[in-house]
Amino acid sequence: MINIEKRDKIDIISFSVNKINALIIDDIRDGILKVFDNSNSRVVIDLSGVEYVDSSGFGCFLSAMKAARNNYSVLKFANPEPRVTELFELLHLHTVFQIYPDMDSCLRSFR
């Protein structure tokens, strides 16, 4: 459901599901928040293949942002599908999160 890989000291979180909703959010939240156990973490949530995120998913992302800030860490998003991008914009969360259209530009932004 959730995959975490490390690339150049950056944790990249991806998902093996196409919907992030209330049915699976508890498992996802635990995995995402665990990467912020260490201070100064640099984390990318790769949203490629995720076609829908409900309110519980966006709540999880906001919790992750809070955990990142509390631990002097950085959280960014990459590869959102068009519908998920629309939801970020509709909820004005594109002003809260750093969202990049692809992984390369997201990873370059850490330099």
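Asp 11 is buried in this predicted model, with a relative accessibility of 12%. The side chain of Asp 11 forms a salt bridge with that of Lys 6, at an N to O distance of 2.9 Å. Lys 6, by contrast, has a relative accessibility of 57% and therefore counts as exposed, the cut-off being over 50%. This salt bridge thus joins a buried residue to an exposed one.

Three salt bridges are found in the model. Side chains of opposite charge can pair when their charged atoms come close. A further salt bridge links the side chains of Arg 7 and Glu 5, with 3.5 Å from N to O. Arg 7 is partly exposed, at 33% relative accessibility, and Glu 5 is likewise partly exposed, at 40%. The side chains of Asp 26 and Arg 29 also meet in a salt bridge, with an N to O distance of 3.2 Å. Both of these residues belong to helix 1, which spans residues 25-34. Asp 26 and Arg 29 are separated by three residues in sequence, or about one turn of the helix. Arg 29 has a relative accessibility of 26% and so counts as partly exposed, because this value lies between 20% and 50%.

The sheet is open and consists of five strands in the order 1-2-4-6-7, with mixed pairing. Its edges are formed by strand 1 (2-7) and strand 7 (98-100), each of which pairs on one side only. From one strand to the next, the twist averages 25°. Strand 1 is paired with strand 2 (residues 10-15) in the antiparallel sense, over six bridges. Within this pairing, Ile 2 has Phe 15 of strand 2 as its bridge partner. Helix 2 (residues 55-70) lies across strand 4 (42-46) and strand 6 (74-78). The angle between helix 2 and strand 6 is about 145°.

Arg 42 is located in strand 4. Its relative accessibility of 26% places Arg 42 in the partly exposed class. With residues up to four places away in sequence left out, Arg 42 touches Asp 8, Lys 9, Ile 10, Asp 11, Val 74 and Phe 110. A polar atom of the Arg 42 side chain lies 3.1 Å from the backbone oxygen of Asp 8. Asp 30 is twelve residues from Arg 42 in sequence, and their C-alpha atoms are 17 Å apart.

In soluble globular proteins, nonpolar side chains tend to be buried together. The largest nonpolar core in the model has 28 residues, among which Ile 32 and Phe 61 touch the most other members. Two or more residues of this core come from each of strand 2, helix 1, strand 4, helix 2, strand 6 and helix 3 (82-90). The greatest contribution is that of helix 2, with seven residues. Apart from neighbours within four places in sequence, Phe 61 is in contact with Ile 20, Ile 32, Ile 45, Leu 47, Val 53, Leu 75, Phe 77, Phe 88 and Phe 97. A second core, separate from the largest, has nine residues, including Val 44, Ala 78, Cys 106 and Leu 107.

Methods: Residues are numbered from 1 along each chain as its sequence is written. This is a predicted model: local features need pLDDT of at least 70, side-chain atom pairs count only at pLDDT 80 or more; totals for chains, interfaces and linings use all residues. Side-chain values use heavy atoms; hydrogens and water are left out. Two strands pair if DSSP finds at least two bridges between them. Helices (H or I, at least four residues) and strands (E, at least two) are DSSP runs, numbered from the N terminus. Axes are lines fitted to C-alpha atoms, for helices over the stretch in contact, and angles run from 0 to 180 degrees between N-to-C directions. Contact means heavy atoms within 4.5 Å. Buried means under 20% relative accessible area, exposed over 50%, partly exposed in between (1.4 Å probe, protein chains only). A polar contact is a pair of N or O atoms within 3.5 Å; within protein, one must be able to donate a hydrogen and the other to accept it, and residues adjacent in sequence count only if both atoms are side-chain atoms. A salt bridge is a side-chain nitrogen of Lys or Arg within 4 Å of a carboxyl oxygen of Asp or Glu. A nonpolar core is a set of buried Ala, Val, Leu, Ile, Met, Phe, Trp, Tyr and Cys residues joined through side-chain atoms within 4.5 Å.
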